[in-house]
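Okay, thanks everyone for squeezing me in. I'd like to walk you through one model today, so have a look at the screen and then we'll go through it together.

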Amino acid sequence: MPGVKAATPVVWASGILGTRDDTTGVRVFGIDPQSAAYAPIREAMVSGQFLSPDDRSGILIGQPLAKSLGWPRAHR
């Protein structure tokens, strides 16, 4: 299709993320971290590192979710 720069499959599910002090609803996406479709996210990250292809336990969260959970918190 003209104008399409990248396309990639995505698998998603809804869930609840809980911490010791709070819970919130989340939508979890399974992505191909090597896809060019995620280049804008890689470039816009302000903390941490983007997912690697062989990382089976990594998670990437957006700033709104981090703020709603009170992150970053001081390490205890």
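Before anything else, one term: a salt bridge here means a side-chain nitrogen of Lys or Arg within 4 Å of a carboxyl oxygen of Asp or Glu. Also keep in mind that what you're looking at is a predicted model.

So, how many salt bridges does the structure hold? Just one. The partners are D21 and R20, and their closest N and O atoms sit 3.9 Å apart. With the limit at 4 Å, that pair counts because 3.9 Å falls within it. As for the surroundings, D21 and R20 are both exposed.

Now the strands. β1 covers residues 11–18, and it runs antiparallel to β2, with eight bridges joining the two. Together β1 and β2 make a hairpin, and there are four residues between them. If you want to trace the pairing by eye, start at I16, whose bridge partner in β2 is G25. Then go to S14, which has R27 as its bridge partner in β2.

While we're at the hairpin, look at the loop between β1 and β2, where you'll find T19. Is T19 buried, exposed or partly exposed? It counts as partly exposed, because its relative accessibility is 24%. T19 also has a distant partner in sequence: L69 is 50 residues away along the chain, yet the C-alpha atoms of the two are separated by 8.0 Å.

Next stop, the other end of β1. T8 is in the segment before that strand. T8 is partly exposed too, because its relative accessibility comes out at 23%. Across from T8 we can pick out A37: the two are 29 residues apart along the chain, and 6.7 Å separates their C-alpha atoms.

A37 comes up again with S35. Where is S35? In the loop between β2 and α1. S35 counts as buried, because its relative accessibility is 8%, and the cut-off for buried is under 20%. The side chain of S35 reaches the backbone nitrogen of A37 at 3.1 Å. So if you're zooming in on A37, look for T8 by C-alpha distance and for the S35 side chain at the backbone nitrogen.

Okay, on to the pocket. The largest one has a volume of about 1,300 Å³. Its lining takes in 35 residues, and those nearest the centre are I59, L60, I61, G62 and Q63. Which elements give two or more residues to that lining? Those are β2 (23–30), α1 (39–44) and α2 (63–68). The largest share comes from β2, with six residues. If you sort the lining by class, you get 22 nonpolar residues, nine polar and four charged.

Let's take I59 from that central group. I59 lies in the loop between α1 and α2. Buried or exposed? I59 is exposed, because its relative accessible area is 62%, and the cut-off for exposed is over 50%. For a sense of where that puts I59 relative to the hairpin, take A13: 46 residues away in sequence, and 14 Å away in space, C-alpha to C-alpha.

One last residue. M45 is also in the loop between α1 and α2. M45 counts as partly exposed, because its relative accessibility is 23%. From M45 to D32 you go 13 residues along the chain, and their C-alpha atoms are separated by 17 Å.

To wrap up: one salt bridge, a hairpin made by β1 and β2, and a largest pocket lined by 35 residues. That's me done, so over to you for questions.

Terms used:
Residues numbered from 1 in each chain as written. Predicted model: local features only at pLDDT ≥ 70, side-chain atom pairs only at ≥ 80, totals over all residues. Heavy atoms only, no water. Buried < 20%, exposed > 50% of the residue type's maximum accessible area, 1.4 Å probe, protein only. 1 Å grid on protein atoms, 1.4 Å probe; cavity = no way out; pocket = protein on both sides within 12 Å on 5 of 7 lines; lining within 4 Å. Points joined across faces, edges and corners; volume = space filled by probe spheres on them. Nonpolar A, V, L, I, M, F, W, Y, C, P; charged D, E, K, R; others polar. Pairing = 2+ DSSP bridges. Polar contact = N/O pair within 3.5 Å; in protein donor to acceptor, adjacent residues only side chain to side chain.
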